[in-house]
Amino acid sequence: MSLGNNIRAIRKEKKLSQVELGKAVGVSRSTIANWEKGKTSPATTYILKLANFFNITTDYLLGYTPTPQFTRKDERDVQKIVKNLLDDPNINKNDEEEVRLLQASFEKVARTSKLLAKKKFTPKKYRRKDSYDPV
């Protein structure tokens, strides 16, 4: 998804109007509309404001990761864990459906454990509200 589509999807998920989002980040409704339509792109400062307001990473907002709390490094770590698990010689690689299901399961476990580790090992003063709740 593009940045504009991500902004629109997250805004709608949070049940906000363009006016409400604009007030929250300090721009007009038409600016939000232009971002969502892809006519213009937000400046870096507004990307940071949007990410902070939505309580997500800029990587997620920009479409680099599928998990709101993950950076690209976190995503690479998850993929590395999954690859290592799938390299197990006991896994039947001939059954594509089994491999696909195992991969999805391994990704879910790796993402959840990484989120829990972030919650456990991030000092409270650096945590954002609700930022590491695994779903």
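The crossing of helices H6 and H7 is right-handed, meaning that the near helix is turned clockwise from the far one by less than a right angle. This is a predicted model, in which local features need pLDDT of at least 70, side-chain atom pairs count only at pLDDT 80 or more, and totals for chains, interfaces and linings use all residues. Residues are numbered from 1 along each chain as its sequence is written, and side-chain values use heavy atoms, with hydrogens and water left out.

Let's look at the helix pair. H6 spans residues 72–86 and H7 residues 96–121; they pack at about 135 degrees with axes 9 Å apart. That angle makes H6 oblique to H7 (outside the classes under 35 degrees, roughly parallel, over 145, roughly antiparallel, and 65 to 115, roughly perpendicular). Helices here are DSSP runs of H or I with at least four residues.

In the contact (heavy atoms within 4.5 Å), H6 residues including Val 78, Ile 81 and Leu 85 meet H7 residues including Leu 102, Phe 106 and Lys 114. The contact residues divide into nine nonpolar, two polar and seven charged (Ala, Val, Leu, Ile, Met, Phe, Trp, Tyr, Cys and Pro count as nonpolar, Asp, Glu, Lys and Arg as charged, the others, Gly among them, as polar).

Now for two loop residues with positive phi, neither of them a glycine.

| Residue | Phi | Loop | Relative accessibility |
|---|---|---|---|
| Lys 15 | about 60 degrees | between H1 (3–13) and H2 (18–25) | 72%, exposed |
| Asn 55 | about 65 degrees | between H4 (44–54) and H5 (58–61) | 17%, buried |

Buried means under 20% relative accessible area and exposed over 50%, with partly exposed in between (1.4 Å probe, protein chains only).

Technical notes. Axes fitted to C-alpha atoms, helices over the stretch in contact; angles between N-to-C directions. Helix = DSSP H or I, 4+ residues; strand = E, 2+ residues; numbered from the N terminus.
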